[in-house]
Amino acid sequence: MPGPDLADLLYGDYSAADPREALRALATAVALPDPRSGALLVTGHELVRELLLHPGLTSAPPGDPLAGTGLSEQQIALHRPVRDFFGRWPVFSSGPYHQEVRARIRPALDRRSTAALVAQLEGDCRDLLTGLRDAGGECDWIDGFCRPYSLSVLARLFGTGQDRMGDLARATDGLMAYLAKPRSYTDDGLARAAAASLDRARAEVREHILDRAEGELALILRDMADDPRLGPDVAVAVTAQIVTGTIEPLAAVLTEAVVRGGEQFAAAGPADGSAATQGEFTDEVLRISCPFRFAPRYAVREMEIAGHRVAAGQRVMLILASASLDATVFPDPLAWRPGAREARPLAFGAGSHYCVGAPLARGATDALCRVLAADGVRVSHDPATFERAPHLGSDRILGLRVRIH
């Protein structure tokens, strides 16, 4: 694939264009270097799946991420707390720390615990849809439904109020802005905003999660905060990752679900069939949407991947979204075919970094589909109002006007 075409695909503006065509095109390359970032992009399904399990790749960046940046001592002192905080997120860690944190929080997010939460979420979902329909039916799907429903998911998970989860989510805005910007270590103003955001997040987690919340996950986090080997900042980091990893990714999946089936559930939605039919619908939603599009990894030693030499410490980007649109595994990959795909999507990764929240994300999506089908609710949308973030890295939906019938 020629360099200019690759740059257009990777760095184009997708606010008005469907990014899935670009992701499908990337899958044909299997693996190719990105001349801008120096990373090796891995796009083919089989190779992405293999490398998700490869012991020669790690999620933790090697060495000091601020070393060799040319920053002054004062600038390093400014950026260091924010960088160290992100280093405590399980998604950016590896080894014994990563394994222990996952083992601690897994009981609150396993299928047993999730099943109890999903039963409650069906009621939350029904109340939201009924309220929106009674208020006239027209609304922005993201602000009117997805965000409050995601906050309900989090409130049920942590055992606290939805308003408290909203405050905590807003407290992380500066952190997410820092994380989203390439070469954020060059922006001192962004670092100051992120540091202030971190202070607010610490205060919110301490007051409303560690001190007051009564959910199983909150009790686990309380124990982690009291453990001298981990401490309060680890509890705050885990909470922040779960909150930020829920709201926008879940909104993308819920949007895909109603765009694909919102008009049809009342007549013949997936909930009127077997559990397998519901699962097949959700699988296809996740394959097409794939809210976490890129999974960054780093080579722990020199290696060769698909004929490309990868140096120790070099970044390897596993593009989950293109892997799920690989025509060699999913024929006619842009077609909507629930139940007709033999392979399952890689939306939640695989191996030791398989998303621990996957059962809850699937359950929350299934709950929406079941309520739409059981209650005869239809959600029609206006394609002209669909707004998404311009970058290819994540499926962030900014707006969509709908009518709830």
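This is a short talk on one pocket, the cysteines, one helix, some salt bridges and a few single residues.

Some ground rules. This is a predicted model, where local features need pLDDT of at least 70, side-chain atom pairs count only at pLDDT 80 or more, and totals for chains, interfaces and linings use all residues. Residues are numbered from 1 along each chain as its sequence is written, and side-chain values use heavy atoms, with hydrogens and water left out.

Let's start with the second largest pocket. Its volume is about 560 Å³. A pocket here is found on a 1 Å grid over the protein atoms alone: it is an open set of points where a 1.4 Å probe fits, with protein on both sides within 12 Å along at least five of seven lines. Lining residues have an atom within 4 Å of a point. Grid points are joined across faces, edges and corners, and the volume is the space filled by probe spheres set on the points.

How many residues line this second largest pocket? There are 26. Nearest its centre lie Arg111, Tyr354, Ala358, Pro359 and Arg362. Four helices each supply at least two lining residues: H5 (95-109), H6 (111-134), H14 (275-289) and H16 (358-375). Helices are DSSP runs of H or I, at least four residues; strands are runs of E, at least two; both are numbered from the N terminus. H16 gives the most, with 6 residues. By class, the lining has 13 nonpolar, 4 polar and 9 charged residues. Nonpolar covers Ala, Val, Leu, Ile, Met, Phe, Trp, Tyr, Cys and Pro; charged covers Asp, Glu, Lys and Arg; the others, Gly among them, are polar.

Now the cysteines. The structure holds 0 disulfides. A disulfide would be a pair of cysteine sulfur atoms within 2.5 Å. Why do Cys290 and Cys355 not bond? The sulfur of Cys290 is 11 Å from its closest cysteine sulfur, in Cys355, and that is too far for a bond. From the other side, Cys355 has Cys290 as its closest, again at 11 Å. Their settings: Cys290 is buried, at 1% relative accessible area, while Cys355 is partly exposed, at 26%. The cut-offs are under 20% for buried, over 50% for exposed, and partly exposed in between, using a 1.4 Å probe and protein chains only.

Next, helix H2, residues 19-27. This helix is mostly covered, with 7 of its 9 residues buried. The buried ones are Pro19, Arg20, Ala22, Leu23, Ala25, Leu26 and Ala27. At the start of H2, a side-chain oxygen of Asp18 comes within 3.0 Å of the backbone nitrogen of Arg20.

On to charge pairs. Side chains of opposite charge can pair when their charged atoms come close. The structure holds 32 salt bridges. The test is a side-chain nitrogen of Lys or Arg within 4 Å of a carboxyl oxygen of Asp or Glu.

Take Glu122 and Arg370. Their closest N and O atoms are 2.8 Å apart. Glu122 is in helix H6 and Arg370 in helix H16, so this pair ties together parts 248 residues apart in sequence. Arg370 is partly exposed, at 26% relative accessible area.

Then Arg403 and Glu138. This salt bridge has an N to O distance of 2.4 Å. It links strand E12 (residues 401-404), home of Arg403, to strand E4 (residues 138-140), home of Glu138, and the two residues are 265 residues apart. Arg403 counts as partly exposed at 32%.

A third case is Asp332 with Arg337, at 3.1 Å between closest N and O atoms. Asp332 is partly exposed at 43%, and so is Arg337 at 35%. Salt bridges with shared partners also join Asp18, Arg20, Glu256 and Arg260 into one network.

Last, three single residues. Asp283 sits in helix H14. At 16% relative accessibility, Asp283 is buried. A polar contact of 3.0 Å joins its side chain to that of Arg344. For a polar contact, N or O atoms must be within 3.5 Å; within protein, one must be able to donate a hydrogen and the other to accept it, and residues adjacent in sequence count only if both atoms are side-chain atoms.

Helix H12 (residues 232-261) contains Ala237. Ala237 is buried, at 0%. From Ala237 to Gly174 is 14 Å, C-alpha to C-alpha, across 63 residues of sequence.

Pro232 is also in H12. Pro232 is partly exposed, at 45%. Pro232 and Leu346 are 32 Å apart, C-alpha to C-alpha, and 114 residues apart in sequence.
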